[in-house]
Structures are given as structure tokens and as C-alpha cells.
Amino acid sequence: QSSFVGINKADITGAEMKGTEAHVTVRVVSELISATLDKDGNVIDGDKEAVAEVKDVWTYARDTRSKDPNWKLVATEAED
């Protein structure tokens, strides 16, 4: 069971062109509540009440020749 609490901070940490594809890397600091429950609903890992800070790096890409304005998520990485 996971509950997303919110995003504390999001910073662009990199931007580059790979041919006609633009890549933007974003470091996201968020808060998450996470627990693993057994079949009876008892917590076997984590905590249903504790809010943990999670740091991730997400990379988005978009073909600059395309008329589609949407960016696609192409990579994620957890940051220690």
C-alpha cells in the first residue's frame, strides 16, 4: 500500500539535445507513505503512518519536429 503525499521540490538538473530529440532531467523530492500488508491487513514491512522523503531523477523526452506538445517519460532513477 502506497500513498502519495505530495511534491516538496522539483528542479531541472539537465537539458540536452540528442539529434532532434530534446531531453530534460528533473530531480523530484516528494513524500510517500508506504507499507506492505499481509492477507489479513497486518503491516509486515514499512509503516502506514510514517511519511518518508523520496528523491528521484526523472528524464523526459520530446521530438522537436513533432506537433505533439507532450513529453514522454523515458527514464527514472532513485537517488540515495
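Trainee: Why does Glu16 count as partly exposed?

Mentor: This is a predicted model, by the way. Glu16 has a relative accessibility of 45%. Buried is under 20% and exposed is over 50%, so at 45% Glu16 counts as partly exposed.

Trainee: And what makes Glu16 and Lys18 a salt bridge?

Mentor: Look at the closest N and O atoms of Glu16 and Lys18, which are 4.0 Å apart. The cut-off is within 4 Å, so Glu16 forms a salt bridge with Lys18. Lys18 is partly exposed too, with 47% relative accessibility. In general, side chains of opposite charge can pair when their charged atoms come close.

Trainee: How many salt bridges does a search of the whole structure find?

Mentor: The search finds 5. Among them is Glu53 with Lys55, whose closest N and O atoms are 3.8 Å apart. Another one is Asp63 with Arg65, where the closest N and O atoms are 3.3 Å apart.

Trainee: Why is Glu53 called exposed?

Mentor: Exposed needs over 50%, and Glu53 has 51% relative accessibility, so Glu53 counts as exposed. Its partner Lys55 has 28%, so Lys55 counts as partly exposed.

Trainee: What about Asp63 and Arg65, buried or exposed or in between?

Mentor: Asp63 has a relative accessible area of 27%, so Asp63 is partly exposed. Arg65 has 63%, so Arg65 is exposed.

Trainee: Okay, on to rings. How many aromatic pairs does a search of the whole structure find?

Mentor: The search finds 1 aromatic pair. The rings belong to Trp58 and Tyr60, with their centres 6.4 Å apart. Pairing asks for centres within 6.5 Å, so Trp58 and Tyr60 make a pair.

Trainee: Why is the pair of Trp58 and Tyr60 called tilted?

Mentor: Check the angle of the planes. Under 30 degrees would be stacked and over 60 would be edge-to-face. The planes of Trp58 and Tyr60 are at 40 degrees, so the pair is tilted. As for exposure, Trp58 has a relative accessible area of 30%, so Trp58 is partly exposed. Tyr60 has 26%, so Tyr60 is partly exposed as well.

Trainee: Let's zoom out. How many helices and strands are there in the protein?

Mentor: There are 0 helices and 5 strands. Along the sequence the pattern reads β-β-β-β-β.

Trainee: How do you know that the protein is more spread out than a compact globule?

Mentor: Set the radius of gyration against the globule rule. The protein has 17 Å, and the rule gives 12 Å for 80 residues, so the protein is more spread out than a compact globule. The C-alpha trace spans about 55 × 25 × 20 Å along its principal axes. Of the 80 residues, 20% count as buried. The protein exposes about 5,900 Å², and carbon and sulfur atoms supply 48% of that.

Trainee: What makes β2 and β3 a pair of strands?

Mentor: Count the bridges. Pairing takes at least two, and 3 bridges join β2 (residues 21-37) to β3 (residues 43-46), so the two strands pair. They run antiparallel. Ala35 stands opposite Gly46 in β3.

Trainee: Which residue takes a positive phi in the hairpin of β2 and β3?

Mentor: That's Gly41, with a phi near 90 degrees. The hairpin has 5 residues between the strands.

Note on methods
Residues are numbered from 1 along each chain as its sequence is written. This is a predicted model: local features need pLDDT of at least 70, side-chain atom pairs count only at pLDDT 80 or more; totals for chains, interfaces and linings use all residues. Side-chain values use heavy atoms; hydrogens and water are left out. Rings of Phe, Tyr and Trp (its six-membered ring) pair if their centres lie within 6.5 Å; planes under 30 degrees apart count as stacked, over 60 as edge-to-face and the rest as tilted. Buried means under 20% relative accessible area, exposed over 50%, partly exposed in between (1.4 Å probe, protein chains only). A salt bridge is a side-chain nitrogen of Lys or Arg within 4 Å of a carboxyl oxygen of Asp or Glu. Helices (H or I, at least four residues) and strands (E, at least two) are DSSP runs, numbered from the N terminus. The radius of gyration is taken over C-alpha atoms; the globule rule is 2.2 Å times the number of residues to the power 0.38. Accessible areas come from the Shrake-Rupley method with a 1.4 Å probe; for residues, only the protein chains shown count as cover.
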